[in-house]
Amino acid sequence: MCAAALFPLFPFSKKRFSDHRMTDVAHAPVDDAAARRNVLVLVLAQAILGSQMPMIFVVGGLAGQMLAPNPCLATLPISLIVFGSMTTAPWLSNLMQRSGRKTGFFVGTLGGAVGAMVSAYGLYSDSFLIFLFGSYLTGIYMSAQGFFRFAASDAASESFRPKAISYVMAGGLLSALIGPQLVKATNDISVIPFLGVYVAVVGLNLFGAVLFPFLKLPKPAPRTAETPRGRTRAELLRDPAIVVAMICAMVAYSLMNLVMTSTPLAVVGCGFEQDTAADIVSAHVLAMFIPSFFTGHLIARFGATKIVAIGLIILAGAGVVALSGVTLENFFIALILLGVGWNFGFIGATTMLQAAHSPEERGTVQGLNDAVVFGCVTLASLASGGLMNCSGGDVVAGWTAVNLAMAPFLVLAGGALIWLALKPKTAH
């Protein structure tokens, strides 16, 4: 897909998103031409820089299994990436609030490059601890990438905002194609397993960083005594719309990570090739991002809460398929449904969150949201390895435990949506 071909995907729409009130519409005139330009740059950033995430998620658990002193710790490197993202999100969000998105994005690519270098050295020196430290630094990039979706909406009108978020998420479609293929191309260039993959990740970060100067985003206004401060964290967490959006984002992302982290271990453990595991992860990541070309339109038409609800139902369907067998067809179908369910749930929850706060609350809300979301994703990835390798006598028992663990969290998110729908709407 050439860059110019993306422009027709971003039409201006007069239809207003009304699932929750927007609180920042009247603060400044909005230039959707600038928003479309930002979306294009961020789509390319998702495609190039985002390729490192499927690469690392394909090999991270396998490399951990090779280095870890205990197989129950195989997915700990993935957990450290997400933990790094969780601990980075609050200070990185505040940095962006003060110094702008570009500064935060450059910090993210630096973290990704250094993290891959350290991880490569851990593989070279056969050190699990060094490998884990590199994984933590990689989490700095993962956190920065999470803010791409928010940056897409910074210069967008109310009607274009859900589409902008959705289109930027769609940039992951190209990363889903590029990342696993780079794993296949680089995995065997060194006698040390997986070393070539991490060297390639360093190159992706250095190359992708050149995109950010092309962003045209509003500069953070200097704070004065008259600058609105917005609500405190405690006050924000008493807003039902914010709380439910965070719960739904947390559940959608955590369950996706829980199952995806264990998938390469399950596929290889069931006797299939590592390249087959890469193909399944590639299909999953494609399913995560292909719907983004129309998710924003669905949200604008039907409302975010309905799209999130559909996403939760699809996630439940993924679990049912995974529990019904361990053939290649089961793995492919379950992981495709997992990707689509994540897309609807996470983009819908992001749109709900954007509708529930004012511009001066942006740094606090977005940092708090991503800290909570990725904190729970960290726990999910930790649980994934334990459930997969230490909850039964064989691979099938572990895979069954992973997928059964989805049920209570789907009930939590579904219950939260129902509670919000039944709660009377009140103004701030």
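Here are some exercises with worked solutions on the predicted model shown above.

**Exercise 1. How far can you trust the coordinates?**

Task: Find the average pLDDT of the chain and the residues over which pLDDT stays under 50.

Solution:
- Start with the whole chain: pLDDT averages 84, and 89% of the residues score at least 70.
- Next, look for the weak stretch, which is residues 1–29, where pLDDT stays under 50.
- The model does have 66 contacts beyond four places in sequence for residues 1–29.
- Should you interpret those contacts? Where pLDDT is low, predicted coordinates should not be read in detail.

**Exercise 2. Describe the overall build.**

Task: How many helices and strands does the chain have, and what percentage of its residues is buried?

Solution:
- Count the elements: there are 18 helices and 0 strands.
- Then turn to burial: 60% of the 428 residues are buried.
- For the outside, the chain's accessible surface is about 16200 Å², and carbon and sulfur atoms account for 69% of that area.
- Finally, check sequence separation: of the contacts with a separation of 6 or more, 85% are between residues 24 or more positions apart.

**Exercise 3. Explore the core.**

Task: Which residues have the most contacts inside the largest nonpolar core, and which helix gives the largest share of residues?

Solution:
- The largest nonpolar core has 133 residues, and F105, L123 and Y253 have the most contacts inside it.
- Helix α11 (residues 240–269) supplies the largest share of this core, 20 residues.
- Now zoom in on F105: beyond its neighbours within four places in sequence, its contacts include L42, M96, F148 and F212.
- F105 also belongs to a cluster linked by ring pairs, together with F106, F148 and F212.

**Exercise 4. Classify a ring pair.**

Task: Why does the pair F147 and F150 count as tilted?

Solution:
- The structure holds 14 aromatic pairs.
- In the pair F147 and F150, the ring centres are 6.0 Å apart and the planes meet at 50°.
- Planes under 30 degrees apart would be stacked and those over 60 edge-to-face, so an angle in between makes a pair tilted.
- Both F147 and F150 are buried.

**Exercise 5. Contrast the salt bridges.**

Task: For each salt bridge, decide whether its residues are buried or partly exposed.

Solution:
- There are 2 salt bridges to consider.
- D279 and K184 form one of them, with 2.6 Å from N to O.
- That pair links distant parts of the chain, since D279 lies in helix α12 (residues 274–289) and K184 in helix α8 (residues 172–186), 95 residues apart.
- Relative accessible area is 31% for D279 and 30% for K184. Buried needs under 20% and exposed over 50%, so values in between count as partly exposed.
- D239 and R231 form a salt bridge at 2.9 Å, N to O, and both of these residues are buried.

**Exercise 6. Compare two positive phi values.**

Task: Where do D126 and F194 lie, and is each buried or exposed?

Solution:
- D126 is not a glycine, yet has a positive phi of about 60°.
- D126 sits in the loop between α4 (101–124) and α5 (128–146), and its relative accessibility of 58% makes it exposed.
- F194, also a residue other than glycine, has a phi near 75°.
- F194 is placed in the loop between α8 and α9 (195–208), but at 6% relative accessibility F194 is buried.

How values were computed. Residues numbered from 1 in each chain as written. Predicted model: local features only at pLDDT ≥ 70, side-chain atom pairs only at ≥ 80, totals over all residues. Heavy atoms only, no water. Core = buried A, V, L, I, M, F, W, Y, C linked by side-chain atoms within 4.5 Å. Buried < 20%, exposed > 50% of the residue type's maximum accessible area, 1.4 Å probe, protein only. Helix = DSSP H or I, 4+ residues; strand = E, 2+ residues; numbered from the N terminus. Contact = heavy atoms within 4.5 Å. Salt bridge = Lys/Arg side-chain N within 4 Å of Asp/Glu carboxyl O. Areas by Shrake-Rupley, 256 points an atom, 1.4 Å probe, with all protein chains shown as cover. pLDDT = per-residue confidence, 0-100. Phe/Tyr/Trp six-rings, centres within 6.5 Å; stacked < 30°, edge-to-face > 60°.
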